[in-house]
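Thanks for coming, everyone. I have one structure to walk through today, so let me put it up.

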Amino acid sequence: MSLEIAWLGLLGLMLAGYFVLGGYDYGAQMLHPFLRASDEEEARAEKPEGGNAALDAIAPFFLGNEVWLVAFAGVMFGAFPHLEGTLLSGLYPLIVAILAGLVLGNAAVQLRRRARGARSRQVWDALVVFGGAVPALCWGLVVGLLLHGVPRRADGSFHVGFGEVFSPFVLVCGIATILLFAAHGAGFVAIRSETEMAAKARELGARLLVGAGGAAVVALLLTFFGSGASMTNRGVSGVIAGALVVALGVAWWSFTGGHEVRAFVATCCATALPVLLVGAGHYPYLLISSAGHGLDIHEAVTDDATLKILSVFGVLVVPTILAYQAWSWWAFRGRTGVRHPSYF
């Protein structure tokens, strides 16, 4: 039992890490057109073709943050094969959209610097925004579906149809997530950019958080009136939801007060808390239907012998991922244009 819970915690850690680290990648991509460098900053960076401070902020970490998504998929495939088979088949359209956004966005970020002419650059810029917005929106829809509950068939499989994805609560969760990821990206750009760009990012981040907070309030109201989240552990869910509201409030207050690091820490908490809300709020279920029945941890997890074998690899792999992430942040600490040059 303890080993099952440990692996469930590891699964949540991988997804939360991906939301935090991949989230600011997506946010910076979405905000790229709105965070143009000034003429003075462009001249200092020797990039007369157009400022891209938002992309320069994420450049040293770009693609590296996706390792958390790979690790999450690996843990799910290895330790929770029954969850993987049920979840991916039920969410297939959203998973495909996420992967399409990742591929197009990554390619656009890499290729935009080679564009010839303003129109060509505009096309790549649009694909950069698309590559950030689509995964952010789809992950919000996934979280909304998991919170709301997914219809379960007689054979035990879960089915996600058009009506489930486009229900009011799920759509509101998608909107809240895309706005939150954008604000999270603004926070990262603020701590990585010079004074003028940091001020722009703080102002934009504060505005985005107002929208994210409004969407979160709508989601809470829908839940209160019976058409929102269907939580197994309502007390725990209420505490986590309250912590999420506090994190959004602290982030907004920090943005408006010019406290960039505090704002970024708060948005990190806000992007990670939805994962905890799904995991702790539904425990012992990993997938749940709106009727309150679902796939619990005992049905989803693999056998104990396999978990013990996987634990040996986990002891080696997880510290390696954490060490790599810590090293990359230390190696590329500081603001772009001061310690490190522009990349994209």
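**Overall picture**

In this protein, 80% of the contacts with a separation of 6 or more are between residues 24 or more positions apart. One caution before I go on: this is a predicted model. The protein has 14 helices and two strands. It has 344 residues, and 53% of them count as buried.

Now the core. The largest nonpolar core has 106 residues. Which residues have the most contacts inside it? They are Tyr 18, Phe 80 and Leu 83. Helix α1, residues 2-31, gives the most to this core, with 16 residues. As background, nonpolar side chains tend to be buried together in soluble globular proteins.

Stay with Phe 80 for a moment. I leave aside its neighbours within four places in sequence. Phe 80 is then in contact with Glu 4, Trp 7, Leu 8 and Leu 11. Its contacts also include Val 75, Leu 286, Ile 297, Ala 300 and Val 301.

Next, helix α4, residues 67-79. It has 13 residues and reaches 18 Å from its first C-alpha to its last. That is close to the 18 Å expected at 1.5 Å a residue. Which residues of α4 are buried? Trp 68, Leu 69, Ala 71, Phe 72, Val 75, Met 76 and Ala 79. Look down the axis of α4: the buried residues fall within an arc of 160°, so they line one face of the helix. A reminder on helix geometry: an α-helix has 3.6 residues a turn, so residues three or four places apart point the same way.

What covers the buried residues of α4? The cover includes α1, α5, α6, α7, α13 and α14.

Take α5, residues 81-90, from that group. The axes of α4 and α5 come within 5 Å and cross at roughly 115°. On the α4 side, the contact is made by Met 76, Phe 77, Gly 78 and Ala 79. On the α5 side, Pro 81, Leu 83, Glu 84, Leu 87 and Leu 88 make it. The residues of this contact divide into seven nonpolar, one polar and one charged. Leu 83 came up earlier, among the residues with the most contacts in the core.

On to α6, residues 92-111. Its 20 residues should span 28 Å at 1.5 Å a residue, and its end C-alpha atoms are 28 Å apart, which agrees. Buried in α6 are Leu 94, Ile 98, Gly 101, Leu 102, Gly 105, Asn 106, Ala 108 and Val 109. Down the axis of α6, these buried residues fall within an arc of 165°, so they too line one face. They pack against α1, α3, α4 and α7. The face turned away from the buried side carries the exposed residues Tyr 92, Pro 93 and Val 103.

Leu 99 also lies in α6. Leu 99 is partly exposed, with a relative accessible area of 46%. Leu 99 and Gly 131 are 32 residues apart in sequence, yet 9.4 Å apart in space, C-alpha to C-alpha.

A quick stop at α9, residues 168-192. Its 25 residues should span 36 Å at 1.5 Å a residue, and the end C-alpha atoms are 36 Å apart, which agrees. How much of α9 is covered? It is mostly covered, with 20 of its 25 residues buried.

Last helix: α12, residues 260-282. Three residues here.

Glu 260 is found in α12. Is Glu 260 buried or exposed? At 12% relative accessibility, Glu 260 counts as buried, since the cut-off for buried is under 20%. Not counting residues up to four places away in sequence, Glu 260 touches Ala 190, Ile 191, Ala 198, Arg 202 and Arg 335.

Ala 280, also in α12, is partly exposed, with a relative accessible area of 23%. Setting aside residues up to four places away in sequence, Ala 280 touches Asn 233, Val 236 and Ile 240. Ala 280 and Arg 234 are 46 residues apart in sequence and 9.8 Å apart in space, C-alpha to C-alpha.

His 282 lies in α12 as well. His 282 is buried, at 1% relative accessible area. Beyond its neighbours within four places in sequence, its contacts include Leu 146, Leu 147, Ser 230, Met 231, Thr 232 and Asn 233.

One final detail. Pro 284 is in the loop between α12 and β1. The peptide bond from Tyr 283 to Pro 284 is cis, with omega near 10°.

Key
Residues numbered from 1 in each chain as written. Predicted model: local features only at pLDDT ≥ 70, side-chain atom pairs only at ≥ 80, totals over all residues. Heavy atoms only, no water. Axes fitted to C-alpha atoms, helices over the stretch in contact; angles between N-to-C directions. Helix = DSSP H or I, 4+ residues; strand = E, 2+ residues; numbered from the N terminus. Contact = heavy atoms within 4.5 Å. Nonpolar A, V, L, I, M, F, W, Y, C, P; charged D, E, K, R; others polar. Core = buried A, V, L, I, M, F, W, Y, C linked by side-chain atoms within 4.5 Å. Buried < 20%, exposed > 50% of the residue type's maximum accessible area, 1.4 Å probe, protein only. Expected span 1.5 Å × (residues − 1). Arc of directions from axis to C-beta.
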